[in-house]
Amino acid sequence: MGVSHNKGLLKGSKFNGRHSTVIPSAIPAVEAARECQHVTKIALGVITPIRAAQEHLKFTPVSGGLKMQVRGTHAVQTFWLYTTRLDDVVAEGQVLAIIET
């Protein structure tokens, strides 16, 4: 299972410095969320190994933002995107941009 430690990917005020591993399939989605002005924080979740499967993204509205689940070819990782302006994130097309990556 490959993981990413890209320099600069998880830098900035939207991330805490405790967990810095992102599955490769999630990099475009994390970058898009980082660029969205209405996302105030991105929390990285646990990486769970899985059998080989097709990559996809799943979003679920939750209190305080969105739960983003990224399924890579050999792992699943969950992220929490914090925002008080969920409608604005969707209206700006940020979520759609993330989904299409």
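This is a short tour of a predicted protein model, stop by stop.

**Before you click.** Residues count from 1 along each chain as its sequence is written. Because the model is predicted, local features need pLDDT of at least 70 and side-chain atom pairs count only at pLDDT 80 or more, while totals for chains, interfaces and linings use all residues; side-chain values use heavy atoms, leaving out hydrogens and water.

**Stop 1: colour by confidence.** Use pLDDT, the predictor's confidence in each residue, from 0 to 100. The protein chain averages 79, and 72% of its residues score at least 70. Helix 3 (residues 94–99) is the low point, with a mean of 52, and strand 4 (residues 75–82) is the high point, at 92. Helices (H or I, at least four residues) and strands (E, at least two) are DSSP runs, numbered from the N terminus.

**Stop 2: select 56–71.** Here strand 2 (residues 56–62) and strand 3 (residues 65–71) run antiparallel, joined by seven bridges; strands pair if DSSP finds at least two bridges between them. Find Val-62 and its bridge partner, Gly-65. Two residues separate the strands in this hairpin, and Gly-64 in the turn has a positive phi of about 95°.

**Stop 3: add strand 4.** Strand 3 also pairs with strand 4, antiparallel over seven bridges. Look for Val-70 opposite Gln-77. Three residues lie between the strands of this hairpin.

**Stop 4: Leu-81.** Which residues is Leu-81 in contact with, leaving aside neighbours within four places in sequence? Among them are Ala-33, Ile-42, Phe-59 and Met-68. Contact means heavy atoms within 4.5 Å.
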